[in-house]
Amino acid sequence: MGQIRTRKETGTLYFDFVYNGTRCREQTNLLPSTNNLKKLQKTLERIELDIAMGRFEYDKFFPNSRLAAKFAPERTNTPKAVTVVPVKESTADEGKGPFFNSFILEWLQESQISWRRSHLVNIQGMIDKYYIPAFGHIRVGAVTRADLLKFRSSLAKVSGRNGNITLSANRINKIMDPLRRVFEEAADRYDFNTPFVRIKPLKVPRSDVQPFTLAEVRQIIESVRPDFKNYYTVRFFSGMRTGEIDGLKWKYVDFERRVIMVRETIVAGEEDYTKTDSSQRDIAMCGPVFDALENQYRATGTMSEYVFCNLQGLPIDHNNITKRVWYPLLAHLGLEKRRPYQSRHTAATLWLAAGEAPEWIARQMGHANTEMLFKVYSRYVPNLTRRDGSAFERLLLQGQSSLPSQVIEAIKQEVQA
């Protein structure tokens, strides 16, 4: 992800981003200020969106740059596609709607008004990499169920990310789901039966929730770089999502009422509404969180509207922090490599372990109800609290006079075991 930086020699701002594998630095005449930083950040966001969608024109943004000529011949409207098995073109597909590559662009234009920018970039990437190479040359009404199954099978042979040999079942499902909606819309418009029939999502293994123990949390906070101690204290003891804490502004920190008001989030560098309506919430500050935010205010309270920011006063880049701070710290401490999002899972399990009311925990987490809480986290509670059925056994023993003697004896033996 690109950044707006300050050049030491001149004190002016410049763009720093990567395009086509080349690190690009483009100078401006602007001095660091809140307005200038916001202005350049918006331009940088447009640049990165155009790069992601394969329509970036270097000379459009930087006409006088020496790199403009270098990248002009490489300009393209579609990024390099991942190899997928194309569907054979039908010779009897007249009258079955427009060609797929035409219809999906129309569908994209109509749908994107309700999407976040990050979702738009994700969909555009799937269109360019997967959908058009497979279906672009045939009509939407000529695609069959067998074609879709063949396409899904070809996805299982595509290389995955983060060292995975192939795409995960979850990723394949996420690629297939928008395609389902595309064909359902085409079927309604052009009066044919959608080929997406009896195609169930692939079975996805249970999500990997690996919360830290309280001892590990203390070890991390005591060992992390001083300038990130407040950040990770808030992450571990508030249950905030990554985008929520990275986008947290001082106007949403109420020290008097000791609450954090979650009202906005940052997704792919862009401010946006929270993930769901229930994510709009007030989080009660525990003691460590209150102290951490007071300390943080002394550091950034007058330099930025954001609680956690870089030297330019802009929101921090969590991907950069994860690579430079989080993973090296876990390795140094000899702890298993886990995503920083596990800090949110840790908060939930610690609250449960402390005996907090599930309804209260769900509100703190931004869940609409307690269903997700019990589904994802409750299996960790017995290991943390020893509330593993022994309390119920003690309750039964307290009222043993009303129980048959053989039941009482069986319970005693079980407790002793």
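## Starting with one residue

Is Asp16 buried or exposed? Asp16 is buried, because its relative accessible area is just 6%, and the cut-off for counting as buried is under 20%. Keep in mind as you read that this is a predicted model.

Asp16 has a partner to look for. Arg5 makes a salt bridge with Asp16, and their closest N and O atoms sit 2.7 Å apart. The two come from distant parts of the chain: Arg5 belongs to strand β1 and Asp16 to strand β2 (residues 13-19), with their positions eleven residues apart. Unlike its buried partner, Arg5 is partly exposed, with a relative accessible area of 30%.

## The overall picture

Now zoom out. The protein has 417 residues, and 44% of them are buried. Its chain folds into 18 helices and eight strands.

How much of the contact count comes from residues 24 or more positions apart? Taking the contacts with a separation of 6 or more, such residues account for 60%.

## Salt bridges across the chain

How many salt bridges does a search of the whole structure find? The search turns up 16 salt bridges, and Arg5 with Asp16 is one example. Another pairs Lys38 with Glu305, where the closest N and O atoms are 3.4 Å apart. Lys38 is in helix α1 (residues 34-52) and Glu305 is in the loop between α11 and α12, so this pair ties together parts of the chain that are 267 residues apart in sequence. Both ends are partly exposed: Lys38 has 43% relative accessibility, and Glu305 has a relative accessible area of 31%.

Next, find Glu244 and Arg281. They form a salt bridge too, with 2.8 Å between the closest N and O atoms. Glu244 is part of helix α10 (residues 242-246) and Arg281 is part of strand β8 (residues 281-284), so the bridge ties together parts that are 37 residues apart in sequence. Here both ends are buried: the relative accessible area is 3% for Glu244 and 5% for Arg281. As for networks, Lys38, Lys249, Glu264 and Glu305 are joined into one by salt bridges that share partners.

## Around Glu244

Stay with Glu244 for a moment and look for Thr265. Thr265 is in strand β6 (residues 265-267), and it is buried, with a relative accessible area of 7%. A polar atom of the Thr265 side chain lies 3.5 Å from the backbone nitrogen of Glu244. The Thr265 side chain also reaches the backbone oxygen of Gly243, at 3.3 Å.

Glu244 turns up again in the lining of the largest cavity. How many cavities of 30 Å³ or more does a search of the whole structure find? There is one, and the space in the largest cavity is about 40 Å³. Along with Glu244, its lining includes Lys249 and Glu264, two members of the salt-bridge network. Met240, Gly247, Leu248, Tyr252, Met261, Val262 and Arg263 also line the cavity. By class, the lining has five nonpolar residues, one polar and four charged.

## The second largest pocket

How much space lies in the second largest pocket? The answer is about 630 Å³. It is lined by 24 residues, and those closest to its centre are Phe228, Cys309, Asn310, Leu311 and Ile316.

Several parts of the fold help to line this pocket. β1 (3-6), α9 (226-238), α11 (287-300) and α12 (318-333) supply at least two residues each. Which element gives the largest share of the lining? That is α9, with five residues. Sorted by class, the pocket's lining has eleven nonpolar, eight polar and five charged residues.

## A last stop at Glu216

To finish, look at helix α8 (residues 214-223), where you will find Glu216. Its side chain reaches the backbone nitrogen of Thr213 at 3.0 Å. Which residues does Glu216 touch if you leave aside its neighbours within four places in sequence? Glu216 is in contact with Leu335 and Arg338.

Note on methods
Residues are numbered from 1 along each chain as its sequence is written. This is a predicted model: local features need pLDDT of at least 70, side-chain atom pairs count only at pLDDT 80 or more; totals for chains, interfaces and linings use all residues. Side-chain values use heavy atoms; hydrogens and water are left out. On a 1 Å grid over the protein atoms alone, a cavity is a set of points where a 1.4 Å probe fits but cannot get out, and a pocket is an open set with protein on both sides within 12 Å along at least five of seven lines; lining residues have an atom within 4 Å of a point. Grid points are joined across faces, edges and corners, and a volume is the space filled by probe spheres set on the points. Helices (H or I, at least four residues) and strands (E, at least two) are DSSP runs, numbered from the N terminus. Ala, Val, Leu, Ile, Met, Phe, Trp, Tyr, Cys and Pro count as nonpolar, Asp, Glu, Lys and Arg as charged, and the others, Gly among them, as polar. A salt bridge is a side-chain nitrogen of Lys or Arg within 4 Å of a carboxyl oxygen of Asp or Glu. Buried means under 20% relative accessible area, exposed over 50%, partly exposed in between (1.4 Å probe, protein chains only). A polar contact is a pair of N or O atoms within 3.5 Å; within protein, one must be able to donate a hydrogen and the other to accept it, and residues adjacent in sequence count only if both atoms are side-chain atoms. Contact means heavy atoms within 4.5 Å.
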